[in-house]
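I opened the file to go through it from the whole chain down to single strands. My entries follow in the order in which I looked things up.

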There are 2 protein chains.
Amino acid sequence: MFSNIPSGSEIFTSDKPFAFQRGGCLPSLQLAYETFGQPNADCSNVVLLFTGLSPAAHVTSSSKDPSPGWWESIVGIGRPIDTNHWHVVCVNSLGSCKGSTGPASINPATDKPWRLDFPELTIEDIASSTNLLLEHLGIKNIAVVVGPSMGGMTALAWLKQNPGRASHLLAISTAAAAEPYAIAIRSLQREIICEDPHWQNGAYTEARWPQNGMRLARKIGMVSYRSSEEWRGRFGRDNQVRYPATAWGMNFAIESYLQASAERFIGQFDPASYIGLSRAMDWFDITRDPSKLCHSTDLPDTARVASALAGTELKSACIIGVQSDLLFPLHQQQQLADAFEACHSRVEFHAPSSLQGHDSFLVDFDNFGPIISQYFRNLDC
Amino acid sequence: MFSNIPSGSEIFTSDKPFAFQRGGCLPSLQLAYETFGQPNADCSNVVLLFTGLSPAAHVTSSSKDPSPGWWESIVGIGRPIDTNHWHVVCVNSLGSCKGSTGPASINPATDKPWRLDFPELTIEDIASSTNLLLEHLGIKNIAVVVGPSMGGMTALAWLKQNPGRASHLLAISTAAAAEPYAIAIRSLQREIICEDPHWQNGAYTEARWPQNGMRLARKIGMVSYRSSEEWRGRFGRDNQVRYPATAWGMNFAIESYLQASAERFIGQFDPASYIGLSRAMDWFDITRDPSKLCHSTDLPDTARVASALAGTELKSACIIGVQSDLLFPLHQQQQLADAFEACHSRVEFHAPSSLQGHDSFLVDFDNFGPIISQYFRNLDC
């Protein structure tokens, strides 16, 4: 069984059956999570953090796991989400492969990994499974729900499912529904994985891993996560000598950068889990019932998004996006801001001039740090 | 031998050896071309048209071949490049597979297709091979050199190689040098072709064609040729029923659109030829000597581009680009306009608000037609 659990992650096991929105059921499930900081007396300082597609629950370093987390510069003592004040709970998404149950987990009915037999996952399933963990932790209300990228979709789904349970939202580079351009890119990544001869309709083995497919999918990911502006300044027309030249290229520094990034990713993520999570993002539309099959529809307008989020009753929402994001374009952040405003929440909308595209929130601390820091400092909890 | 020659294309054969910039030589070569309209008495009305990566010489319909050409709406009688007035010569690029010699042609030394043994092609080779055809046609001077996309790079290379031979330039969505973002996308397309098990290091056969690689490369191409804005309005979240759903997706209309586009392309282009032409674009930098191996370098600034183009002595240049082009971003068109202005050419710079990205010149007649029409009407030849 493929698993890649950070050493500091706790595993919560729920023995209740878990039913998926589109059908299918797990007899039990596990969720990997990490917590940082302490809950205060009335448990009013909880920050619930949903992750993007690939990260684990290890959002920042801790005494249990001193290795840097995926948002090390934002979460921690004295950082913008200050764990001296906030009790941060970060969950590895249902369907992922970093400690939570997903396609890489063992199907008790067959004693083999679920792979393609795993129920069709939706963003709404990730959101609702989290409540099992919150119940286990004795957490009822959430001060701030936080989600970047896919985590932002999960945050929206959770808020819709749990009206009135959260006070504030920080949503970054996310969307109320997947747009066709993002669907095109993700669909291509998934198709490339499935074209790898080692994919074997999901019956890949450790010895014959679809690593070419995963490498190529990750490279497409990098092209969609970053921006032309960033790479222009960073790589120019520099050559590379790290890898041998090939018939297809590997002459330029940008090519070796993609290669190195992709090689780091290959062994870190289970292919079937990747496909399930990626597909869940395509299906996501906060204005629709996830249990229904897709219906042809326009992208939701702001009024429909506001109507879907009307029950959330947030005190405030902080929405951040960047112009250079190809995957979750800025107008989708503007739509979320407008929708929450229509829901009478106090809304902050920020569009920092980050050049790093969709990944900006991970790497552009100079722009993101102060915005997040100030938002959290001003919260009344 | 793979070949895909439009029925109206003429084949010119040169029996002189042709030496490539980076080494290697052809004992003879063929170039497929089509001409439209008639040369006038002093042959001062010649338009030399270089194509993008994939088109053949069949730019527009004719009595020889009434099927629509790849730029049907722009070239022809009464069209913006009016063949009642202009004598248009369009060449299938050296290295392509639509009648001109390239990796799909037979290597006389082995009686097999050249494939990876074809000399390393540069944009400058495409440009210089064209002079053999012009000599054959008795054409000395060119009124207007025209090139969109890769054809624009070829036009720049030809102008640099032939100082004073052309009077005017129409360059569309092209660049003085490839940027790292475009290199990343093209490199990925080539890598995907070479990862197809049928690629066989270039020894693919008709029965075992790397069609999965070509299909996926074309899909990546479409994502880089079009724009998120266009697809938002065109596809929204429409579903599709044209193809069966798969483990990786094929739920949405955008996915079936990509599939249909890619299927049309697979059998139309030879994989090794695609790789050679695509790589030539990465290598292109008008400010560098193409015979030298790559050197790490910044992208050229406008002064260096102007210096490289100083000898062209164009009377005028019309440069068009669009904001939604990911592959040849607008600032690269601005740089060309600035460089020709520094060379004392009269320069027109147009940035129409087309939503169709890099492909706009092929499909957005409403924006491109009037600009090109007016430019050609005002020329003093």
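**Entry 1: overall form of chain A**

I began with the radius of gyration: a compact globule of 381 residues would come near 21 Å, and chain A has 20 Å, which agrees. I keep in mind that this is a predicted model. Along the principal axes, the C-alpha atoms of chain A fill a box of roughly 60 × 55 × 50 Å. For secondary structure I found eleven helices and 14 strands in chain A. I then looked at burial, and 57% of the 381 residues of chain A count as buried. Among the contacts in chain A with a separation of 6 or more, 71% are between residues 24 or more positions apart.

**Entry 2: domains of chain A**

I looked up the domain assignment, which splits chain A into domain 1 (10–179 + 286–377) and domain 2 (184–274). I noted that domain 1 is written as two segments, 10–179 and 286–377. The C-alpha centres of the two domains of chain A lie 26 Å apart. Where they touch, domain 1 of chain A gives 17 residues and domain 2 of chain A gives 13 residues. I sorted the domain 1 side of this contact by class and got seven nonpolar, eight polar and two charged residues.

**Entry 3: chain A against chain B**

How many residues does the contact take from chain A and from chain B? I found 50 residues from chain A and 50 residues from chain B. On the chain A side, the elements that give two or more residues are helix 3 (180–195), helix 4 (211–225), helix 5 (228–235), helix 6 (253–266) and helix 7 (271–283). Helix 3 of chain A has the largest share of that side, with twelve residues. By class, the side of chain A that touches chain B holds 26 nonpolar, eleven polar and 13 charged residues.

I next superposed the copies. A turn of 180 degrees with a shift of 0.0 Å along the axis lays chain A on chain B with an RMSD of 0.0 Å. The two copies are therefore related as by a two-fold rotation axis. The same surface serves both copies, since 100% of the contact residues of chain A recur in chain B.

**Entry 4: B:Ile126**

I picked one residue in helix 1 (residues 123–137) of chain B, namely B:Ile126. Is B:Ile126 buried or exposed? I counted 27 C-beta neighbours inside 10 Å, so B:Ile126 counts as buried. Leaving aside neighbours within four places in sequence, B:Ile126 is in contact with B:Ser93, B:Leu94, B:Gly95 and B:Thr154. I also checked B:Ala56, which is 70 residues from B:Ile126 along the chain; their C-alpha atoms are separated by 14 Å.

**Entry 5: strand 4 of chain B**

I went on to strand 4 (residues 29–36) of chain B, where eight of eight residues are buried. In a regular strand the side chains alternate between the two faces of the sheet. I therefore listed the faces of strand 4 of chain B separately: B:Leu29, B:Leu31, B:Tyr33 and B:Thr35 lie on one side, B:Gln30, B:Ala32, B:Glu34 and B:Phe36 on the other, and all are buried.

Which strands pair with strand 4 of chain B? Strand 1 (residues 10–14) of chain B runs antiparallel to strand 4 and is joined to it by five bridges. Within strand 4, B:Gln30 stands opposite B:Thr13. Strand 8 (residues 87–91) of chain B is also antiparallel to strand 4, with four bridges between them. There I found B:Val91 of strand 8 as the bridge partner of B:Tyr33.

Note on methods: Residues numbered from 1 in each chain as written. Chains lettered and ligands numbered in written order. Predicted model: local features only at pLDDT ≥ 70, side-chain atom pairs only at ≥ 80, totals over all residues. Contact = placed C-beta atoms within 7 Å. Nonpolar A, V, L, I, M, F, W, Y, C, P; charged D, E, K, R; others polar. Least-squares fit on C-alpha atoms with pLDDT ≥ 70 in both. Domains from an automatic or database assignment. Rg over C-alpha atoms; globule rule 2.2 N^0.38 Å. Buried ≥ 20, exposed ≤ 12 C-beta atoms within 10 Å, placed from the backbone. Pairing = 2+ DSSP bridges.
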